[in-house]
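Reader: Hello! I have this model open on my screen and would love a close look at one part of it. Could you walk me through a single strand and its neighbours?

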Amino acid sequence: MLAPATPAGDEVQQSLYAKRQKIYPREVHGLFAVLRISAVLTLLGIFYGLPWLRWNGHQAVLFDLPARKFHLFGLTLWPQDFILLAALLIIAALGLFFFTALAGRLWCGYACPQTVWTEVFLWMEHALEGDRLQQMKLDKSPMTWRKFRIKASKHALWLAFSAFTGFTFVAYFTPVADLLHRLVTLDLGPWETFWLVFYGFATYGNAGWMREQVCLYMCPYARFQSAMFDDSTLIISYDDKRGEPRGSRKRGTDSLRAGLGDCIDCSMCVQVCPTGIDIRKGLQYECIGCAACIDACNDVMDKMGYAPGLIRYTTHNALRGRPSSILRPRLFVYGGLLSAAIAAFAWILLARVPLELEVMHDRNRLYRETDAGLIENVYTLDIVNMDDRRHAYTLRAEGIEGLIVETDPPEIEADAGEMKKIPMRLRADGARLSGRSNKVRLLLTARDDPRLTASEETRFLGP
Amino acid sequence: MKLIEAGRYVPVPQRVIAVLWISFLMAGAATMVFFAAIDPMQLKNCVDFPEVGRTAAYSIGFLLFWLLTAASSLFTTLLLYPGAPANAPDNSSRPSR
């Protein structure tokens, strides 16, 4: 941050940002392109498909915010389960640390929504405007009817896809069939409309217009990921020892005899780069680790008859000829923490009892004596059945010998997701009380599943 | 003084986006934590609040959080911005136009 500022440096930043040159990434083919496309199709398939998936008669994944319930397949989560969400976020953060330490910005290159949607928008642009050179030519040419038609159809396609994306986003919060019906009949609520437009517009802006600028100027991860790097992290690097001195030459030239390195200076690695950098200048924070330059360079090396891997995933230590092991303490620490967080998450999930019981003593009266000479206390039970099916429960009270439990109604039942308030009376023989205040434990157990037990402590008051 | 001289001029659009985007993320996190703990329907009993549903309450809550976090980010950038006089003869921290 304390690097001396020069006016020249400012102009570079200025031109890259406000008056930036549009980057036209050239299409690539190769191993990493296949990996990236598979990741894009899988992730988008999940995103667009999941709201339509049904599970036991309801939408499989639905964050029902108005009802304050999250449905995840067979599981219903309540605000009380917030700790699970917190654990999930911790897992995500540790996962990011682990994979960044292992192989750099895997997240950015293959899984980040910005990458994924930009990729799809580039496909659409390519389909309508042609390849890199055709796109550049079209942008340079004066406005003609043909240019207008191509540009208009591109933006129409982008906008339609963005609107569908916004619709899908809202479908995670409103049942999709209902949402579709109300969209078609123009009966959407104001907030559903707002979020649909907001998310759709964000997709259009970020993937259509902003693209690499999101990574360069908006992404905090791009700036702090270097903290998780070390000299043994696998990063995409140009092997300068092998490549330099670079220079063009005829196909089949022996590099050594010509006094050149293996880099033929064809600039393909720069042309395919979605952030427009030159990987040969070393690792830069602009590099999102998409490996497009690896594919492009390997292709060129193949055509020249040279060995592949002039640009490759390797470590700084390996490039400098130092002994290097990818398995190192940092990786074990991150991996250990990650495993621990996953184990904790699984434990919380498995040990979770979808039943809640709370007991409140009647405020107006501490106790009363019944006609039969027993001491009676009155309470209200708050029961929440957080399971996704109906249960009947038995209620027991422990702590005083011969304690009688009475509820109204006597049979306690609750539907899936139902919250019930039930009045309860406890009666005990005054002679069996140990003092004015006695500890009582209440146990509520589902009849069809003894693991569904909630317990709560309260006080039984006497004279 | 050295720090201010070293500070780079950051173009306005970049500053706007840096303020809005990071505060957007933080507002999202704050909304999640806040409404997981507090049901807006219960909040309504404590404060005099117009009659709105939960979805509207979450959305308004989020936008209010965003306003708050964006204000915080904005004031931070204002304080970090070098306070050089606008008509100084040699204002090298800004690019010449």
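Author: Happy to; here is a walk around strand β10 of chain A, strand by strand. Please keep in mind that this is a predicted model.

Start with β10(A) itself, which covers residues 374–385. One of its partners is strand β8 of chain A, residues 355–361, and the two run antiparallel, joined by seven bridges. If you would like a pair to click on, A:H361 has A:Y379 of β10(A) as its bridge partner.

Now look for A:Y379 again, this time with another strand in view. A:Y379 also stands opposite A:M424, a residue of β14(A). Strand β14 of chain A spans residues 419–429, and its antiparallel pairing with β10(A) has 11 bridges. A:Y379 is thus a handy landmark: A:H361 is its partner on one hand, and A:M424 is opposite it in β14(A) on the other.

There is one more neighbour to visit. Strand β9 of chain A takes in residues 368–369 and pairs with β10(A) through two bridges, again in the antiparallel sense. Here A:R368 faces A:E376 of β10(A). Together β9(A) and β10(A) make a hairpin, with four residues between the strands. While you are at that turn, have a look at A:G373, whose phi is positive, at about 85°.

As you follow the backbone, it may help to remember that side chains in a regular strand alternate between the two faces of the sheet.

For a contrast, glance over at chain B: it has four helices and zero strands, and 10% of its 97 residues count as buried.

Notes
Residues numbered from 1 in each chain as written. Chains lettered and ligands numbered in written order. Predicted model: local features only at pLDDT ≥ 70, side-chain atom pairs only at ≥ 80, totals over all residues. Pairing = 2+ DSSP bridges. Buried ≥ 20, exposed ≤ 12 C-beta atoms within 10 Å, placed from the backbone.
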